[in-house]
Each structure stands twice: as C-alpha cells, then as structure tokens.
Amino acid sequence: INVEDEKKKKGRKISTKGKGKLEAAYIRRFNQLREETAATKEEAEFVLKMEQNQCFGMKKAVFAPSSLCTAVLSAVAAVMDRIPKDRLLDPVEVDVEDKMVVASKPNVDEPKKPVDSDDSDSDDEDMPLNALLKPQTHKRAANNSKLPSPKRTKQTESSSKAVPSAYILGEIILHISKTYGHLFLEPSHPNYAWQQRHRSVIKTPLPKEVMFAGNPRKPGTHSFENVRFVLTEERLARLKNNWLGHDQLKLPPQPTSEEMEQWSDEWTITHLSSDAVTGIAHEIDVLENLGILKINQSGSVVLAQGWERRVPHMTLHEMKDAWGSDMDVNNLHCIHEKIRSSLEDVWQHDEDEWRFESEGLDDDDAVYEDEEYELRRQIFLENYDAFVNSRKGVGEFGI
C-alpha cells in the first residue's frame with residue numbers, strides 16, 4: 001500500500017466534504033435572511049394595515065401634531081362637516097373685501113374722520129405721531145382686491161364680540177380628546193411662550209413677565225386624554241338642544257333640577273376649555289384674532305374666509321416636517337383633508353422659504369423664510385432662559 005497516495009486521497013475527501021458543508025451553510029444563511037426579510041415585510045404591512053384601521057376606522061391618530069393650533073384647526077374643520085349649514089352662517093353675511101374696497105372710495109358728502117378714530121387703519125397704531133400728521137394712503141390696494149388681507153378688520157365698538165357656544169366647544173374638545181388625547185403632550189414652558197409670542201398680533205414691546213409666561217398646564221402631560229369621558233352623549237345632546245333653541249339660557253331664582261343640569265353642562269364646558277385644563281378657549285381666541293377662525297353670532301366656530309393666508313409660519317414648518325402629504329402619505333396624523341389640501345395648494349416651499357400663491361397670483365408680502373424663523377426662535381429661547389435664570393435659577397442664589 002502506498003502511504004502517500006492514501007494520504008492524498010484522504011485529504012481530497014476531507015477538503016471536498018468541508019467545501020460542501022461551507023456551501024450548505026451559505027445557502028442556509030441566505031434562506032434564513034430571505035425568510036426574515038419576508039417576515040419583516042409582512043409585519044410592516046400588517047402594522048400599516050392596523051394603523052390605517054386605527055386612523056380611518058377608530059378615528060384615533062397614530063402621531064399627534066406638536067402644536068395645539070393644528071389640532072384645533074383640524075377639529076374645527078371636522079365639526080363644520082357635522083353642523084347644519086344654516087347654523088354656520090350669520091343671518092347677514094357681508095363680504096369683508098368688498099366692504100374694504102367701498103370704504104376706500106372718497107365720499108364728498110361725508111366729513112373726513114379724524115386720524116385717531118377707532119375705524120382708522122390698524123397700522124396707524126404702530127406709527128410715530130409725526131407720521132400720523134401726513135396723509136395716509138391705502139396700502140396694497142391691489143392686493144386687497146385680489147388676495148385676503150393678512151390682518152383682521154378692526155371691530156367697531158357697536159359690534160358685539162361673538163363667543164363660541166358651549167356645544168361647539170364641547171364638540172371641538174371631544175374631537176381632539178378622541179383623536180389625539182392619548183398622544184398629545186403639553187409643550188414645555190419655553191416652547192409654549194414662543195408659540196404665543198410668535199402668533200401675537202401685538203408688535204409693541206411687552207413686559208417680560210407677560211412675554212415669557214410659561215404653560216399654565218403641566219408640561220409633558222396628556223391634558224386631553226380623559227376629557228372624553230366627561231363629554232357624554234347625553235350631555236352633548238342637552239347642549240345641542242340648548243344651542244339649536246333660540247331662547248337664551250337664564251338661571252331663574254329657584255331653578256329646577258332640569259335647569260340646574262343644563263347650567264351644570266355649561267359650567268363643565270367652561271371648566272374644560274379653561275387654561276387650567278385644556279386651553280381650548282384661549283387657543284380659539286388667538287386664532288380668531290389672527291383671522292384664521294371666525295365666530296358667528298350663533299356661536300358656531302368656522303374657518304374664516306382666506307384663513308390659509310394668515311396661518312403662522314410654525315404651522316407651515318410643522319406641515320413640511322410632520323403631517324404634510326409628502327411626509328405622511330397615509331395621513332397617520334389624522335389631519336382633516338381640508339386643512340392639508342388647502343394649505344398645500346396655496347403655499348409653496350422652495351429654497352428654504354414659503355411663498356403664498358393663489359390662482360396664479362403671487363403675494364410678495366406673504367413670504368416666510370425658514371432661516372429667519374429659526375433665528376428669531378433661537379433668540380427668543382435664549383432670552384427666555386436668561387429671564388428664568390435671573391428670576392428662579394442662578395439669580396436666586398446671587399451668583
């Protein structure tokens with residue numbers, strides 16, 4: 001027997017056998033990875049199906065907007081779909097733009113109004129006194145006849161300010177509670193102060209105690225989570241009957257149990273909409289002052305005419321980064337389609353700036369620059385930290 005030949009044969013058998021095992025291991029690993037990829041894809045499809053069922057079937061969002069402003073706009077649009085059309089309009093609707101154009105025409109029969117009249121342009125309030133002595137011309141007259149004005153028309157003293165009805169407030173709070181209550185977190189104190197200052201119509205300097213006021217609610221809490229359990233169907237039905245009836249609710253000297261129940265419903269809504277609980281009343285008031293929402297004499301809350309032009313920059317910023325159609329294809333934020341489509345149709349984002357475009361008309365004044373927004377926000381937050389440190393932080397210890 002040739003020992004060398006036997007060793008060579010045996011070595012060839014071992015190497016062939018080892019090579020076959022290595023190839024088999026590669027094949028098993030490949031099949032395992034393919035099975036894991038298929039399982040991951042199947043799980044992703046299942047999760048997406050469940051999320052869509054949660055959004056469109058259960059009407060519960062998977063993701064929540066970061067600002068209460070967006071949630072309120074979506075809730076108002078949803079409530080408008082359920083309210084009778086005759087209750088969404090005032091008895092006499094006056095076109096604000098036509099009214100402004102007519103007012104701009106001179107009338108020789110009427111005496112000229114003084115410059116400091118209540119009906120004067122709101123821009124005059126921010127101008128120095130020597131500038132008020134000069135004759136003022138109507139600014140952007142061409143734009144006012146085509147595009148909605150970015151500023152609200154100032155109310156006269158004779159017109160009474162309408163307030164939202166308890167029923168409408170209850171529906172808005174209930175919608176937000178069901179849709180975002182399990183997700184929406186109250187913003188931190190500095191972010192809350194920035195949101196209020198960013199949307200403020202007051203351009204004059206404010207006291208630091210007012211400008212840097214923090215969140216009246218506890219940051220990081222779910223303020224809307226359990227509110228829906230208070231707004232029962234019976235309570236909302238009673239509020240709706242009171243709202244649809246034209247008789248004003250009055251508390252008699254000796255109310256019955258039914259009358260006390262009706263007043264209890266009103267008080268409950270007042271408490272739930274207060275700054276201590278949800279802050280809905282304050283948020284609606286802010287959006288109404290911006291001309292984004294309109295409160296009719298009937299108490300209904302609707303989107304104002306040309307509201308898209310007046311949305312703050314932070315809402316557009318959030319739409320681009322979170323709930324816009326490009327980022328959220330399946331609308332897992334449950335934003336009302338009217339809000340998304342209306343804003344995306346008239347606002348175009350290009351080269352780090354937002355430009356308002358409506359029916360082929362460009363508004364040069366409606367341009368928001370992202371860099372300027374971030375700079376203003378950074379400066380505000382730094383000033384906020386300095387103020388807080390001087391009051392409660394380092395300054396408290398005299399360092």
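Let's start at a turn: strands E3 and E4 make a hairpin, with three residues between them. One of the turn residues, Glu351, has a positive phi of about 55°. This is a predicted model, and the pairing it shows for E3 and E4 is antiparallel, over three bridges. Across the hairpin, Trp347 sits opposite Phe356 in E4.

Now follow E4 (353-358) along its length. Its side chains alternate: Trp354, Phe356 and Ser358 go to one face and are buried, while Glu353, Arg355 and Glu357 go to the other face and are not buried. That is the pattern to expect, since in a regular strand side chains alternate between the two faces of the sheet. So Phe356, the residue facing Trp347, belongs to the buried set.

What packs against the buried residues of helix H13? Both hairpin strands do, E3 (347-349) and E4, along with helix H2 (68-82), strand E2 (301-303) and helix H12 (313-323). H13 itself covers residues 337-346, and its buried residues are Ile339, Arg340, Ser342, Leu343 and Val346. An arginine and a serine are on that list, next to Ile, Leu and Val. As for the spacing, an α-helix has 3.6 residues a turn, so residues three or four places apart point the same way.

One of those partners, H12, is mostly covered, with eight of its 11 residues buried. They run from His313 through Met314, Thr315, Leu316, His317, Glu318 and Met319, and then Trp323 joins them.

Elsewhere, have a look at Ser165, in the loop between helix H5 (141-146) and helix H6 (166-180). Is this loop residue buried or exposed? Ser165 counts as buried because its relative accessible area is 12%, under the 20% cut-off. Leaving aside residues up to four places away in sequence, Ser165 touches Trp243, Ser298 and Gly299.

For a contrast, go to helix H1 (residues 3-57), where Val47 is found. Val47 is partly exposed, since its relative accessible area is 36%. Together with Phe46 and Met50, Val47 forms a nonpolar patch on the surface, and the three have about 290 Å² of accessible area together.

Finally, a word on confidence. The protein chain averages a pLDDT of 78, and 71% of the residues score at least 70. The stretch to watch is residues 92-158, where pLDDT stays under 50; the model has 54 contacts beyond four places in sequence for it. Where pLDDT is low, the predicted coordinates should not be read in detail.

Key:
Residues numbered from 1 in each chain as written. Predicted model: local features only at pLDDT ≥ 70, side-chain atom pairs only at ≥ 80, totals over all residues. Heavy atoms only, no water. pLDDT = per-residue confidence, 0-100. Contact = heavy atoms within 4.5 Å. Buried < 20%, exposed > 50% of the residue type's maximum accessible area, 1.4 Å probe, protein only. Helix = DSSP H or I, 4+ residues; strand = E, 2+ residues; numbered from the N terminus. Patch = residues over 30% accessible without salt bridge, like charges linked within 9 Å, V, L, I, M, F, W, Y side chains within 5 Å. Areas by Shrake-Rupley, 256 points an atom, 1.4 Å probe, with all protein chains shown as cover. Salt bridge = Lys/Arg side-chain N within 4 Å of Asp/Glu carboxyl O. Pairing = 2+ DSSP bridges.
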